[in-house]
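Me: Please take a close look at one part of this model for me. I would like to see how a single helix sits among its surroundings.

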Amino acid sequence: AANRAELQKIREPLVMLGTRAAGIRSSLQTLQRSQAASGLNLRGDMQEAANLMNSYLDGANAALNAGDSAQAKSFMDKAERQIEKLEKFLNR
């Protein structure tokens, strides 16, 4: 029961990170379309941050589903750093 409560406690912030990530993905897609029309690409470091964000969120979900709260939290912390970097870049 204690582990179940701990996992539930992690699930809500993970959902919030996922929501922020979805907004970032949408903004990045819009920016990429706009830049592509001018023959430009998204900055490499921001593309890398977006890829890491997605990978870390996938890892957090997998760890949560496996019942590993420590690993889920670790992935969430890493995803948070990438999300903050992207939000700063997008002025969000």
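Reply: Start with a rule for ring pairs. Rings of Phe, Tyr and Trp pair if their centres lie within 6.5 Å. Planes under 30 degrees apart count as stacked, those over 60 as edge-to-face, and the rest as tilted. By this rule the count comes to one aromatic pair. Its members are Tyr56 and Phe75. Their centres are 6.3 Å apart, and their planes make an angle of 40°, so the pair is tilted. Tyr56 lies in helix H2 and Phe75 in helix H3, so the pair ties together parts that are 19 residues apart in sequence. Helix H2 is the part to study here.

First, the setting. This is a predicted model. The protein chain has three helices and zero strands. From the N terminus on, the order is α-α-α. Along the principal axes, the C-alpha atoms fill a box of roughly 55 × 20 × 20 Å. Of the 92 residues in the protein chain, 32% are buried. Now take the contacts with a separation of 6 or more: residues 24 or more positions apart account for 78% of them.

Now to H2 itself. Helix H2 covers residues 44–65, which is 22 residues. From its first C-alpha to its last it reaches 32 Å. That is close to the 32 Å expected at 1.5 Å a residue.

Which residues of H2 are buried? They are Met46, Ala49, Ala50, Met53, Tyr56, Leu57, Gly59, Ala60, Ala63 and Leu64. Tyr56 is on that list, and it is also the H2 member of the ring pair.

Leu52 is found in helix H2 too. Buried or partly exposed? Leu52 has a relative accessible area of 27%, so it counts as partly exposed. Buried would mean under 20%. The C-alpha atoms of Leu52 and Arg25 are 12 Å apart. Along the chain, those two residues are separated by 27 residues.

Next, look across to H3. Gln82 has its place in helix H3, residues 69–89. Which residues does Gln82 touch, leaving aside its neighbours within four places in sequence? It is in contact with Ala49, Leu52, Met53 and Tyr56. Ala49, Met53 and Tyr56 are among the buried residues of H2, while Leu52 is partly exposed. Gln82 is itself buried, because its relative accessible area is 10%. So Tyr56 has two links to H3: the ring of Phe75 and a contact with Gln82.

What follows H2? Gly67 does, and its phi is positive, near 80°. Most residues other than glycine have a negative phi. Compare Asn91, in the segment after H3. Phi of Asn91 is near 55°, a positive value in a residue other than glycine. Asn91 is exposed, with a relative accessibility of 71%.

One more helix remains. Pro13 has its place in helix H1, residues 2–37. Pro13 counts as partly exposed, at 36% relative accessibility. Its C-alpha atom lies 18 Å from that of Lys85, and the two are 72 residues apart along the chain.

Finally, the outside. The protein chain exposes about 5800 Å², and carbon and sulfur atoms supply 49% of it. It carries 13 positive and 10 negative side chains. The centres of the two sets lie 3 Å apart.

Technical notes. Residues numbered from 1 in each chain as written. Predicted model: local features only at pLDDT ≥ 70, side-chain atom pairs only at ≥ 80, totals over all residues. Heavy atoms only, no water. Helix = DSSP H or I, 4+ residues; strand = E, 2+ residues; numbered from the N terminus. Buried < 20%, exposed > 50% of the residue type's maximum accessible area, 1.4 Å probe, protein only. Contact = heavy atoms within 4.5 Å. Areas by Shrake-Rupley, 256 points an atom, 1.4 Å probe, with all protein chains shown as cover. Lys, Arg positive; Asp, Glu negative; His and termini not counted. Charge placed at Lys NZ, Arg CZ, Asp CG, Glu CD. Expected span 1.5 Å × (residues − 1). Phe/Tyr/Trp six-rings, centres within 6.5 Å; stacked < 30°, edge-to-face > 60°.
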